[in-house]
Amino acid sequence: MQEELNQFERNDVWELVPCPPSQTIIGTKWVFRNKLDDQGNIVRNKARLVAQGYCQEEAPHAWYDRLSSFLLQNGFTRGKVDTTLFVFEKGQDCLLVQIYVDDIIFGATNESLCKKFSKLIQGEFEMSMMGELNFFLGLQIKQCQEGIYISQSKYTKELLKKFGIEEGRTVSTPMATNVKIDKDEKDKSVDESKYRGMIGSLLYLTASRPDILHVVCLCARFQSNPKDSHMSAVKRIFRHLKGTIQYGLFYPKNEKISLKSYSDSDYVGNIDDRKSTFGSCQFLGDCLVSWFSKKQNCVSLSTAEAEYISAAFCFTQLLWMKQTLADYKCSFESVLIFCYNISAINIVQNPVHHNRTKHIEI
């Protein structure tokens, strides 16, 4: 607490003035937090004195404005798509700086640039250097000679403990292939708050576990009135996680950077409203970097239409990624979309208005 107060004095955070008449003073509150590493060990105790948020009015992000101005003055350029990304180029080398609230991640193609930036930023701002990135926003990052491994095994263990699924058998798949999940209105209702808590926790886990994304999104559709059958499906996901705690994503070094995507869809797979569910995944080289699963907004009248809509959503994601990657100095003349439906491909390639597509919702 004393360190926090000393820092306020050093940075001239406030100026003491008489209280204006008929004005209520905003209260303050101490917030304490134990900062943990990827193994759950306490590495730092933090105390923060904050204004009571429900009393204060919105104010500009002074710290971010000052930081961004400082970076721009020192030769950095701001990302066009991601404005929290800053890039510094020197010859063939570049330094990337990513800001998230009050945390900064940076990396470079030359280690000397990292050292210079570390010295530069610490000379201007009071901050602690945590060293090589190994834990961030619940993601465990392991860097080695072969590449980078990202997982959420610590978070997964905490979930299993929180929802009491540490014991019992495991299953090899997150969902049975012969099961169709529907509203099941005749089944017994379960605790909505617990069900929503489990779904919310699993959705955060999909940041490193694309294998559970489809079934988690499927179960998330029934949060307003969950039944026993829905809870059983969610618990199966947890039993699958119990046997695959160490699963994650591996990004090998020296991969050839090419952008490509895979698109797929079922046909009227939802029993309740007959809408199709589609999915897509995007790769940089052989590295999976983006994935999603979504129910279509309208009912498709054919498999070709369902696949066509899926490819269209896939295209918009690729277009955004192509623009975003330009901030990282990666450009692509052409991008491949793989779609397993000849009719949908023919519709895409036909520049003339096609009779089969006139009824598709814009």
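Q: Two strands pair if DSSP finds at least two bridges between them; so how do you know that β9 and β10 pair, and how many bridges join them?
A: Five bridges join β9 (residues 147-151) to β10, and the two run antiparallel. Set against a minimum of two bridges, that makes them a pair. One of the links is Tyr149, whose bridge partner in β10 is Phe250.

Q: What kind of model are these values computed from?
A: A predicted one: local features need pLDDT of at least 70 and side-chain atom pairs count only at pLDDT 80 or more, while totals for chains, interfaces and linings use all residues. Residues are numbered from 1 along each chain as its sequence is written, and side-chain values use heavy atoms, leaving out hydrogens and water.

Q: Why are β7 and β10 called edge strands?
A: The open sheet has four strands in the order β7-β8-β9-β10, with antiparallel pairing. β7 (135-136) and β10 (248-252) each have a single partner strand, so one side of each has no neighbour in the sheet. As for the names, strands are DSSP runs of E (at least two residues) and helices are runs of H or I (at least four), numbered from the N terminus.

Q: How do you know that the span of helix α7 agrees with its 16 residues?
A: The expected span is 1.5 Å times one less than the number of residues. For α7 (residues 228-243) that gives 22 Å, and the end C-alpha atoms are 23 Å apart, which agrees.

Q: What do the buried residues of α7 pack against?
A: They pack against α4 (153-162), α5 (192-205) and α6 (213-220). Among the buried ones are Met231, Val234, Ile237, Phe238 and Leu241.

Q: Why does Cys298 count as buried?
A: Buried means under 20% relative accessible area, exposed over 50%, and partly exposed in between (1.4 Å probe, protein chains only). Cys298 comes in at 18%, so buried it is. Cys339 is buried too, at 17%.

Q: Why are Cys298 and Cys339 not in a disulfide?
A: A disulfide is a pair of cysteine sulfur atoms within 2.5 Å. The sulfur of Cys298 is 16 Å from its closest cysteine sulfur, in Cys339, which is too far for a bond. Cys339 has its closest cysteine sulfur in Cys314, but at 8.8 Å that is also too far. The structure holds zero disulfides.

Q: What makes Tyr100 and Phe136 an edge-to-face pair?
A: Rings of Phe, Tyr and Trp (its six-membered ring) pair if their centres lie within 6.5 Å; planes under 30 degrees apart are stacked, over 60 edge-to-face, the rest tilted. The structure holds 13 aromatic pairs. In this one, the centres are 6.1 Å apart with 80 degrees between the planes, so edge-to-face fits. Tyr100 sits in β5 (residues 93-100) and Phe136 in β7, so the pair ties together parts 36 residues apart in sequence.

Q: Why is the pair of Phe278 and Phe292 called edge-to-face?
A: The centres are 5.9 Å apart and the planes at 85 degrees, so the label holds. Phe278 is in β12 (residues 277-284) and Phe292 in β13 (residues 287-295), 14 residues apart. Phe278 is buried at 1%, whereas Phe292 is partly exposed at 23%.

Q: What makes Ser290 and Gln317 a polar contact?
A: Their side chains meet at 2.9 Å. The cut-off is 3.5 Å between N or O atoms; within protein, one must be able to donate a hydrogen and the other to accept it, and residues adjacent in sequence count only if both atoms are side-chain atoms. Ser290 is found in β13 and is buried at 12%.

Definitions and conventions. Contact means heavy atoms within 4.5 Å.
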